[in-house]
Amino acid sequence: LPFPFPLIGTMGAFIRIRARIPDRNALFDIGAAGPIAGFLVAIPILFIGLIKSDVSALSQSQGTILLGEPLLLRWMFALIFPTLHAGEYLSMSPIALAGWIGLLATSLNLIPVGQLDGGHICYSVSRNFHAVVSRITAVAFLLFSLFWQNYILWAVLLLVLGRRHPAVGIEMAPLSRGRILLAWVCLGIFLLSFIPSPIRILD
């Protein structure tokens, strides 16, 4: 799926599962495996890339592209560049940019709506929980788009994807304790990688 901004290029792929998923544990594994693996890969790439990045004075020229800072990136900034002053910014190396895109993709996939990975995880925890969270999230992004234009694309995407989720084979099979713990881990990954305003262009 093409991304409308040339800096990133792709939004990943649309995957169609032909057979019904057997139970909630299998559904959780499908939803959690990709974001966890992507996050674990993005961390060292981002850290190495930041070390290779340069600090320079912030350009105020029209058309300058500013990238949003997820919470994890802010923590890495403070660790690697503790003396960064006001008016200075980080010119990210290509490696750091790849790590940033990895965090962005992870956070998008973990949005708890419909059949996104985050939606799979929510449904595996509880069918009713998925229905409530999907509605709240879709409405929240729609409201946010009224105040911050960065949310417009996300709101449209969530509305297009929809809030429904197909049933699994055995709905009553409980989610294992280990997967419940991993569900909290996935929530933490989402909070660390979510970028409220991914791209801003100075005008």
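Let's start with how this chain holds together: among contacts in the protein chain with a separation of 6 or more, 80% link residues 24 or more positions apart. Keep in mind that what you are looking at is a predicted model.

Now for the parts list. The protein chain has seven helices and four strands. Walking from the N terminus, you meet them in the order α-β-β-α-β-α-α-α-α-α-β. The chain counts 203 residues, 38% of them buried. On the outside, the chain exposes about 11900 Å², and carbon and sulfur atoms supply 66% of that.

Next, zoom in on helix α2, which covers residues 71–80. Its buried residues are Leu72, Leu73, Met76 and Phe77. These four sit on the same side of α2, because they cover an arc of only 140 degrees around the axis. The spacing fits a general rule: an α-helix has 3.6 residues a turn, so residues three or four places apart point the same way. What do the buried residues of α2 pack against? Their partners are α1 (24–51), β3 (88–91), α3 and α7 (177–193). Flip to the face of α2 turned away from its buried side, and you find the exposed residues Trp75, Ala78 and Leu79.

One of those partners, helix α3, spans residues 94–109 and contains Ser107. Is Ser107 buried or exposed? Ser107 counts as buried, because its relative accessibility is 0%, and the cut-off for buried is under 20%. Leaving aside residues up to four places away in sequence, Ser107 touches Phe190, Ser193, Phe194 and Ile195.

Notes: Residues are numbered from 1 along each chain as its sequence is written. This is a predicted model: local features need pLDDT of at least 70, side-chain atom pairs count only at pLDDT 80 or more; totals for chains, interfaces and linings use all residues. Side-chain values use heavy atoms; hydrogens and water are left out. Helices (H or I, at least four residues) and strands (E, at least two) are DSSP runs, numbered from the N terminus. Buried means under 20% relative accessible area, exposed over 50%, partly exposed in between (1.4 Å probe, protein chains only). Contact means heavy atoms within 4.5 Å. Accessible areas come from the Shrake-Rupley method with a 1.4 Å probe; for residues, only the protein chains shown count as cover. The arc is that of the directions from the helix axis to the C-beta atoms.
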